[in-house]
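Here are some notes for a colleague who is opening this structure for the first time. They are set out as numbered points, to be read with the structure in view.

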Amino acid sequence: MRLLPLTSFALFSCCALAATHPDWGDLRAQVRRTLHVPDPLPHLDAKSYGTFSPAPGVAADRVSYATDYSLRVPAIVYHSAAATILKHPALIVVNGHGGDKSSWYSYWAGILYARAGAIVLTYDPIGEYERNKERRSHTNQHDEFVPPDDMGRRMGGLMVTDVMQAAHYLADRPDVDPKRIAVLGFSMGSFISSLACAIDTSVHACVLVGGGDLDGPGGYWDTSRKMCQAIPYQSLTFLGERGPMIYGLHAKRGPTFVFNGSTDQVVDIPHHGQNFFEALRQQTIALLGGSKDVFDFGFEPGGGHRPYFVTRPVALWLEEKLKFPDWTKKQIQAMPETHIGEWAVKNHLRTEITADYEHGEGGTLALGNDIPAVPRDSLHAVPEAVWQSEQESYIYETWLARAQAAVRSGAP
């Protein structure tokens, strides 16, 4: 895999943003209010439902924790099966459209980075898997537009709150180093993660793949799926230049890495290539008056829309920022890779490798060559009897009713 050069750290002095002196704390609070992200966050009320082994040497905890609207998030948390007293780095996987904790890249990341010595949390977005009334995946319930626009802000805010609650759950675990928590977002998850990592200063590092190209008025993110992307992004126009301001908030929090396929048309990377990201980066530097923790970026030449956080370039960046206890840079560079399209056919997850699949997720060269296809049914976080009795606390329909009631009442 060839990596295009990361950006330089040149200052961009002629930008009008350089004359501003934002109050970063006030901006974070304003973003939270706009998206109805509760402050303070809800009490976690974390619950555990046992542990299983998805792969040799790896254990996975079944858990749930509270989020906004008195809802709960079901999650699988991967870690080494070996007993340890170490404080480990931790990762949160934020899915793209149609994805959830049963998606191949979610459990691949969980097993892969657990073997590196990390604690990895994967969860279901609202409307998917255990947050779906029929426990189905690929429903995209969260895309269905529900007027007025404030419902879209509330949907985006719920998704951001889910990420923040995941970070706070991990920080509360005795085996996690709260200063080494990272968020990994793919596609829609890259957008949600870009907002969560802008306002949650407890997160140390952020990786945005299949996205992160935060453009201007009328661009991709303003015109993409309304409920979970376009309306929330449009609502942040009070920031002015949203891309540089959001990445300014990131830099004030910690490091960020944006990585895309150079021919990813799903999020319009052909129009948001090297020059776009270099200009965005230099605007952010001018806004901040320095380059400390301003985002890095890179591309996979010819690559499409893929969850690159399971690939070598991102793993190397994460190792630099988080210092995995069981991996070194040299080990990562020597690790074998798996062509996901071939792996998916071999494991009966697909019947064939089509051209579209190969250009997208199927073309991913994921680190590792011994990660199994984890059966979907084993990735239930909540026992059947508990889920049936508490179904209302998980599903989209509950959020819809409660969010509509909040809009009618004018509640924050």
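1. When the whole structure is searched for cavities of 30 Å³ or more, one is found, and please keep in mind throughout that this is a predicted model. The volume of the largest cavity comes to about 60 Å³.

2. Which residues line the largest cavity? The lining is made up of V94, N95, Y123, P125, M159, D162, M188 and I192. Two helices, α3 and α4 (188-199), each contribute at least two residues to this lining, and the residue range of α3 is 149-172.

3. Y123, one of the lining residues of that cavity, also brings us to strand β5, which spans residues 119-123 and is mostly covered, with five of its five residues buried. The cover extends to both faces of the strand, since I119, L121 and Y123 are buried on one side, while V120 and T122 are buried on the other.

4. How does β5 pair with strand β3, parallel or antiparallel? Strand β3 (residues 72-80) runs antiparallel to β5, and four bridges join the two. Within this pairing, Y78 has V120 of β5 as its bridge partner.

5. Strand β4 (residues 88-94) is likewise joined to β5 by four bridges, but here the pairing is in the parallel sense, and the bridge partner of I92 in β5 is L121. On the way from β4 to β5 the chain passes through helix α2 (residues 104-115), and the resulting β-α-β crossover is right-handed.

6. Returning to helix α3, a reader may wish to look at R154, which has its place in that helix. Is R154 buried or exposed? R154 counts as buried because its relative accessibility is 2%, whereas the cut-off for a buried residue is under 20%.

7. The surroundings of R154 can be described by its contacts, leaving aside neighbours within four places in sequence: R154 touches L35, H36 and Y69, and it is also in contact with W399, A403, A406, V407, A411 and P412. With Y69 there is, in addition, a polar contact of 3.2 Å between the two side chains.

8. A last point concerns R154 and P232, which lie 78 residues apart along the chain and whose C-alpha atoms are separated by 8.3 Å. This pair may be worth locating in the view together with the polar contact between R154 and Y69.

How values were computed: Residues are numbered from 1 along each chain as its sequence is written. This is a predicted model: local features need pLDDT of at least 70, side-chain atom pairs count only at pLDDT 80 or more; totals for chains, interfaces and linings use all residues. Side-chain values use heavy atoms; hydrogens and water are left out. Buried means under 20% relative accessible area, exposed over 50%, partly exposed in between (1.4 Å probe, protein chains only). Contact means heavy atoms within 4.5 Å. A polar contact is a pair of N or O atoms within 3.5 Å; within protein, one must be able to donate a hydrogen and the other to accept it, and residues adjacent in sequence count only if both atoms are side-chain atoms. Two strands pair if DSSP finds at least two bridges between them. A crossover is right-handed if, with the strands pointing away from the viewer, the path from the first strand over the helix to the second runs clockwise. On a 1 Å grid over the protein atoms alone, a cavity is a set of points where a 1.4 Å probe fits but cannot get out, and a pocket is an open set with protein on both sides within 12 Å along at least five of seven lines; lining residues have an atom within 4 Å of a point. Grid points are joined across faces, edges and corners, and a volume is the space filled by probe spheres set on the points.
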